[in-house]
Amino acid sequence: MTARRQLRRLAACALAAAVATTLAACGGSSDSAATTTPSAVLGPQTELFEGTLAVGGSAFYSFTVQEKSDATVMLASVATSTAPGTSTNTVIGMGIGSPLGTECVEATAVLAFPALQSPLVSNLTPGIYCVRAYDVGNLKSSVNFAIRIVHS
Amino acid sequence: MLALAAAGCGSDNTSTTTPSPTATAGTDTFTATMAPRGTAIHQFTASAVGAVSVTLTFTNPPSTVVGLGIGIPGGNIGGCDLTKTVQALAGSTAQLTATVEGGQYCAGAFDVGTVPSSGVLVTISVAHP
């Protein structure tokens, strides 16, 4: 084997090792000694969908489900500002569905008031989904909201 | 190629992997000095569905009215998106209760315009499932 060929093989191995290291970092583990198992059970993911809802407005958030499981959606907060003490019991609409273009097409929807329990539960197969929050005519001014989504 | 691999991570700042549930029911008590317009927030994990009771047990100066709130960790002031709030004086009976499901929550106090410039010392107990 020529020296040039050996050098080329060495470079290829180094590049492969670097790529493997980079990809392993996607798993979020900070333990460099741990091995990455691609088929590992991912467990539940918690996502926070925060935003501002205008009078008559709507907003949605997309997320990816990787394992078949129930997804729970909790309207945790509706407030007239980000300051503490401005929470309200205002009912808004909340739905879960699939993104289509720039829209979220709901499959299931509920009227929800802020609480620390999830009024919306949907059994989802792997894929991309969205949660949509919208005014149902109750808003007199814009509000800040926080929605917790737990899925696998 | 490395840049491509790194870009493929597509990390989402708002997504976290929930660790295996190791929380247990109990009562967390914390004390903090709250500044004017400040907050004193504590995070806790509920292990199951159940009732959470938040009790403001002590303030110094005494008889200081403060806001009490419960919610989920988030981006609002104090790092807590509040669901329910009340104004309260210190006492031995829970001033704020809520039903929760298993997961991470936050509770604590906030100034409602009554905290003196020297601050107020608050002690709060959070009993959770």
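**Note on the predicted two-chain model: strands and core**

1. Chain A has one helix and eight strands. This is a predicted model. Read from the N terminus, the helix of chain A comes before the run of strands: α-β-β-β-β-β-β-β-β.

2. Chain A is 152 residues long, and 28% of them are buried. Its contacts reach far along the sequence. Take the contacts between residues at least 6 apart: 75% of these join residues at least 24 apart.

3. Look next at strand β3 of chain A, residues 69–79. This strand is mostly covered, with nine of its 11 residues buried. β3(A) also has pairing partners in β6(A) and β8(A).

4. The pairing of β3(A) with β6(A), residues 120–124, is antiparallel and runs over five bridges. A:S69 can serve as a marker here: its bridge partner in β6(A) is A:L124.

5. The pairing of β3(A) with β8(A), residues 143–151, is antiparallel too, and has seven bridges. To find the register on screen, start from A:M74, whose bridge partner in β8(A) is A:R148. As background, strands of a sheet pair through backbone hydrogen bonds, either parallel or antiparallel.

6. Now the core. The largest nonpolar core holds 54 residues. The residues with the most contacts inside this core are A:L75, A:V131, A:F145, A:I147 and B:A109. That list names residues of chain A and one of chain B. β3(A) is the top contributor, giving seven residues to the core. In soluble globular proteins, nonpolar side chains tend to be buried together.

7. A:F145 deserves a closer look. Leaving out residues up to four places away in sequence, A:F145 touches A:E50, A:G51, A:L53, A:L75, A:S77, A:V78, A:I92 and A:A133. One of these, A:L75, is also listed among the residues with the most contacts inside the core.

8. On to chain B. Which strands make up its open sheet, and in what order? There are four, in the order β2-β9-β4-β7, with antiparallel pairing. The edges are β2 (26–34) and β7 (96–100) of chain B, each pairing on one side only. From one strand to the next, the twist averages 20°.

9. Within that sheet, β4(B), residues 50–60, and β9(B), residues 120–128, run antiparallel and are joined by seven bridges. A marker pair for this register is B:L56 with its bridge partner in β9(B), B:I124.

Note on methods
Residues are numbered from 1 along each chain as its sequence is written. Chains are lettered from A and ligands numbered from 1 in the order in which they are written. This is a predicted model: local features need pLDDT of at least 70, side-chain atom pairs count only at pLDDT 80 or more; totals for chains, interfaces and linings use all residues. A residue is buried if 20 or more other C-beta atoms lie within 10 Å of its own, exposed if 12 or fewer, and partly exposed in between; C-beta atoms are placed from the backbone. Two strands pair if DSSP finds at least two bridges between them. Axes are lines fitted to C-alpha atoms, for helices over the stretch in contact, and angles run from 0 to 180 degrees between N-to-C directions. Two residues are in contact if their C-beta atoms, placed from the backbone, lie within 7 Å. A nonpolar core is a set of buried Ala, Val, Leu, Ile, Met, Phe, Trp, Tyr and Cys residues joined through C-beta atoms within 7 Å.
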